[in-house]
Amino acid sequence: MNEKNSGISDLIPNVVRTGLLVGLVIVYVSVIGMVETFNERDVIRDWVTMGQLLIFMPAIVGGFLLTRRRLKAGSELGLTLLGGLVVGIISSVPVVLLVLVASWIDVGEIFVNVNRDLMEILTFDNDSPLLGALMTAGFITLAAIVGMLVMFIPERYRQALLTAVGVTLGVGVMAELVTLVLRQFVSRDFIDVFFRRDELKLNGALTVFGISLALSLLWSFYGATIRERYTTLPSRQQRNVERGGFTALGILLLVLPWILGAFLSNVTNSIGLYILMGLGLNIAIGLAGLLDLGYVTNFAVGAYVMGVLTSTGPLGVGEQLGIDFLNFWLVLPIAVLCAMFTGFIFAVPVLRMRGDYLAIATLGFGEIIGKLAVSDALSPIIGGAQGVLFIPSPMISIPFTDITLEFSDPQMLYYVILGACALALFVSIRLNNSRTGRQWMSIREDEDVAQAMGIDTARSKLLAFTLSAATGGLAGAIFAAQVDSVFPNSFRVLVSINVLSLIIVGGMGSVPGIVLGAVVLIGLPELLREFSEYRLLLYGILLVFMMTSRPEGFIPSRVHRRELKQDDPPDSPPAEDADSPTLNPA
């Protein structure tokens, strides 16, 4: 009886806390207008909207997490089921109160997004606010129960089910993107079977769910066997498999812009530029542990050098001096060298700084470059607020022919960015496995110990800042040629924050993590521009989640994984060896 009372007393605070948190999250996203805005996009046409997901998904997650926590703690099955039910009931109370208060009192002057449209969503367009609120409460409770019951599914099938649901919702949200790709390979009639006006239909959702579930189940049954067979192969055959995989990936990257089309290639180019900057900043932060918040400085220097030296407008050096040999390919290394010189100069004053002080100092450099870009003193050179215009696109003349390739459209410029990313990736991998890379990592771990071991920390820091600035200048130069102009508002400190965020989200020191972070933080907002007003809010939520739940990132490097989460189990007394002598206490 005491154990049962103890279980109940331990369960009640968790249930109340989880329920209130879920309810407040639903109320918050409703009051700030997210539910109403997101409700305009259907995930499954005429069945599920993104606004409804914002209402019911927190309850599903809350019921799932509470049940998982209670099962790990060894709670009784009956108490666990009761807890999931109560979570749904408690989480629906704030929503009901919001509907009732909004129906009795005009709160529109305080909360402008609490309007009739929101009430129609929260009450399912019911004439009676109380009845509609109770209906919503019932569905929220049902959602919490669903999240609770998912935890009781065997792990293999649960993982497959969650993967299939995630893929289906992802295809529904990105239905416009999916249809843009499909139109290049299949007929319009075939697309209309599963999509309608760029929205996923119910039969399309069921098809995607079925295929995803089948593939996930197949992998759950045979994935371990495949991995085991791969590990038992001779090293030569493993290398051949890896080469085959990299070859297939290379072929895919080469044909990717012609699969995606012009619009999506433009989005891919934006992702590629941030991958390029992420690879550079990762040298300073991921390897050397130098928190640089002024990385936009290097980006701006590369862009302005490319713009001033190649522009055909009045600010162009070539136009002023009457020379015509300054083109993209000739100026590109100059822009990189200028960015490296800037990184070196800015690194000298901060060599003795660490941690927060270093971050604040570099943040100041980022603000300085923004003020200089709009200053009157430099406007005769870089145009001030008017910027630099008429920047030509990269071109290549094929020898012995009259053919000239112009990299002006997104699909052609993609190859310039891909080549730059490949070069930066090669240099990054070589540095990571070099003596210099090991010196940087030792400075990141403990600068005093590194200095005591004979490492020249000042020289290593200067080298890290300088090499990190190189890819920033390279990205800026390509960016200037991509947009045909350079304006100061393109070089705000937010660029540095974005690059740092994608490294944190993806995983410090991890190249695949940088790619994933760029896709999540740069690609998705580009594809969901109608929700851009909530971009920074979603950034903040994602960063808080990463810091609390997965500080090493989605795809961390092995080194950071070992640093943040030790793989060794807690210390335990060594097991006795049957053959070893033991002391007789007698």
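Which side chain does that of Glu 199 meet in a salt bridge? Let me begin there, with the reminder that what we have on the screen is a predicted model. The partner is Arg 45, and in this pair the separation from N to O comes to 2.4 Å. As for where the two residues sit, Glu 199 belongs to strand E4, residues 199–200, whereas Arg 45 is in the loop between E1 and strand E2 (48–49), so the salt bridge ties together parts of the chain that are 154 residues apart in sequence. Glu 199 has a relative accessible area of 18%, and because buried means under 20%, this residue counts as buried. Arg 45, with a relative accessible area of 15%, is buried as well.

Before going on with the charges, let me give the overall frame. The chain has 586 residues, of which buried residues make up 44%, and it contains 25 helices and six strands. Taken along its principal axes, the C-alpha trace spans about 90 × 85 × 50 Å.

Returning to the charged pairs, the structure holds six salt bridges, and I would like to walk through the ones around Glu 447. Glu 447 forms a salt bridge with Arg 354, in which the closest N and O atoms are 3.1 Å apart. Here Glu 447 lies in helix H20, which covers residues 447–452, while Arg 354 is in the loop between helix H15 (328–347) and helix H16 (355–374), so this pair ties together parts that are 93 residues apart in sequence. In terms of accessibility, Glu 447 is buried at 14%, whereas Arg 354, with a relative accessible area of 41%, is partly exposed.

The side chain of Glu 447 also meets that of Lys 461 in a salt bridge, at 3.0 Å from N to O. This second pair links helix H20, where Glu 447 lies, to helix H21 (residues 457–483), where Lys 461 lies, the two residues being 14 apart. Lys 461 is buried, with a relative accessible area of 3%. Which residues, then, are joined into one network by salt bridges that share partners? They are Arg 354, Glu 447, Asp 448 and Lys 461.

Let me now turn to the surface, and to charges that gather with others of their own sign. A patch of positive charge is made up of Arg 17, Arg 68, Arg 69 and Lys 72, and helix H3, residues 50–72, gives the most to this patch, contributing three residues. Arg 17 has its place in helix H1, residues 2–31, and at 51% relative accessibility Arg 17 counts as exposed, because the cut-off for that class is over 50%.

On the negative side, Glu 40, Asp 117, Glu 120, Asp 125 and Asp 127 form a surface patch. Glu 40 is found in the loop between helix H2 (34–38) and strand E1 (42–44), and its relative accessibility of 68% makes it exposed.

There is also a nonpolar patch on the surface, formed by Tyr 157, Ile 211, Leu 215, Leu 218, Trp 219, Phe 221, Tyr 222 and Ile 226, which together have about 870 Å² of accessible area. Where does the largest share of this nonpolar patch come from? That share, seven residues, comes from helix H10, which runs over residues 202–232, and Ile 211 is one of the residues that lie in helix H10.

A word on cysteines, since the question of covalent cross-links tends to come up. A disulfide is a covalent bond between the sulfur atoms of two cysteines, and a search of the whole structure finds zero disulfides. Cys 338 is partly exposed, at 29% relative accessibility, whereas Cys 421 counts as buried, at 13%.

One further residue deserves a place in the picture, and that is Arg 435. Arg 435 lies in helix H19, residues 435–445, and with 63% relative accessibility Arg 435 counts as exposed. Along the chain Arg 435 and Pro 394 are 41 residues apart, and their C-alpha atoms are separated by 36 Å.

To close where I began, the salt bridge of Glu 199 and Arg 45 joins two residues that are each buried, at 18% for Glu 199 and at 15% for Arg 45.

Conventions
Residues are numbered from 1 along each chain as its sequence is written. This is a predicted model: local features need pLDDT of at least 70, side-chain atom pairs count only at pLDDT 80 or more; totals for chains, interfaces and linings use all residues. Side-chain values use heavy atoms; hydrogens and water are left out. Patches are made of residues with over 30% relative accessible area and no salt bridge: like charges are joined within 9 Å, nonpolar side chains (Val, Leu, Ile, Met, Phe, Trp, Tyr) within 5 Å. Accessible areas come from the Shrake-Rupley method with a 1.4 Å probe; for residues, only the protein chains shown count as cover. A salt bridge is a side-chain nitrogen of Lys or Arg within 4 Å of a carboxyl oxygen of Asp or Glu. Lys and Arg count as positive and Asp and Glu as negative; His and the chain ends are not counted. The place of a charge is taken as NZ of Lys, CZ of Arg, CG of Asp or CD of Glu. Helices (H or I, at least four residues) and strands (E, at least two) are DSSP runs, numbered from the N terminus. Buried means under 20% relative accessible area, exposed over 50%, partly exposed in between (1.4 Å probe, protein chains only). A disulfide is a pair of cysteine sulfur atoms within 2.5 Å.
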